[in-house]
Amino acid sequence: MILAVLFSNSDGNILIERFHGVPAEERLHWRSFLVKLGADNLKGAKNEELLVASHKSVSIVYTMIGDVCLYIVGKDEYDELALAEVIFAITSAVKDVCGKPPTERLFLDKYGRICLCLDEIVWKGLLENTEKDRVRRLIRLKPPVEP
């Protein structure tokens, strides 16, 4: 299961978070742990260079996309390799929505569409869609059509 998808800025402020199957009382621990992990290791990392960590019985894959940090936490069948596929799908969708690796401002300007992408890629802790074109089709915002 994918336990968490979390975006933060380089100062450690959370921009988007999605938790799946993580009790509310553990979420603060995960937020602080992931942000500290990024602060310690993402300084000087290349754009989209994947870093891997392990904590308790879970795997963590994290990276920088432009000025934004992305963390994916998984357990059981979502090991480092599966999480790398998830992070690739998410980074690809974010760059597609923003048109380039995002600054924090651009990321926040496109917040709604990025959230829609996340919901199409990861649904209830499972990887749902990885194809960029399919995700793009699914997030099109169309008004309801009268019959």
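## Exercises on a predicted model

Lys 56 sits in the loop between strand 3 and strand 4. The model is predicted, and the exercises below are to be worked from it.

**Exercise 1.** Determine whether Lys 56 is buried, partly exposed or exposed, and describe its phi angle.

Solution. Begin with the accessibility: Lys 56 has a relative accessibility of 70%. The cut-off for exposed is over 50%. Lys 56 therefore counts as exposed. Next, take the backbone: phi of Lys 56 is near 55°, which is a positive value in a residue other than glycine.

**Exercise 2.** Place Asn 47 and Glu 48 in the chain, and classify the exposure of Asn 47 and of Glu 48.

Solution. Start with the location. Asn 47 belongs to the loop between helix 1 (24–41) and strand 3 (51–55), and Glu 48 lies in the loop between helix 1 and strand 3. Then compare with the cut-offs: partly exposed covers the range between under 20% and over 50%. Asn 47, at 39% relative accessibility, is therefore partly exposed. Glu 48, at 27%, also counts as partly exposed. As for the backbone, Glu 48 has a positive phi of about 65° although it is not a glycine. Finally, look at the contacts: leaving out residues up to four places away in sequence, Asn 47 touches Met 64, Ile 65, Gly 66 and Pro 101.

**Exercise 3.** Find which residues touch the most other members of the largest nonpolar core, and which element gives the most to this core.

Solution. The largest nonpolar core has 31 residues, and those touching the most other members are Ile 2, Val 5, Phe 7, Leu 70, Ile 72, Ile 90 and Phe 107. Now turn to the elements: those supplying at least two residues each include strand 1 (2–9), strand 5 (68–74) and helix 4 (111–121). Helix 2 gives the most, with ten residues. Apart from this core lies another, of 18 residues, including Leu 6, Phe 19, Trp 30 and Leu 34.

**Exercise 4.** Work out how helix 2 and helix 4 are oriented, and what kinds of residue form their contact.

Solution. Take the axes first: those of helix 2 and helix 4 come within 10 Å and cross at roughly 150°. Angles over 145 degrees count as roughly antiparallel, so helix 2 is roughly antiparallel to helix 4. The crossing of helix 2 and helix 4 is right-handed. Then list the contact: Ala 89, Ile 90, Ala 93, Val 94, Val 97 and Cys 98 in helix 2 meet Arg 113, Ile 114, Cys 117, Leu 118 and Ile 121 in helix 4. The residues of this contact divide into ten nonpolar, no polar and one charged.

Terms used: Residues numbered from 1 in each chain as written. Predicted model: local features only at pLDDT ≥ 70, side-chain atom pairs only at ≥ 80, totals over all residues. Heavy atoms only, no water. Core = buried A, V, L, I, M, F, W, Y, C linked by side-chain atoms within 4.5 Å. Buried < 20%, exposed > 50% of the residue type's maximum accessible area, 1.4 Å probe, protein only. Helix = DSSP H or I, 4+ residues; strand = E, 2+ residues; numbered from the N terminus. Axes fitted to C-alpha atoms, helices over the stretch in contact; angles between N-to-C directions. Parallel < 35°, antiparallel > 145°, perpendicular 65-115°, else oblique. Left-handed = near helix turned anticlockwise from the far one by under 90°. Contact = heavy atoms within 4.5 Å. Nonpolar A, V, L, I, M, F, W, Y, C, P; charged D, E, K, R; others polar.
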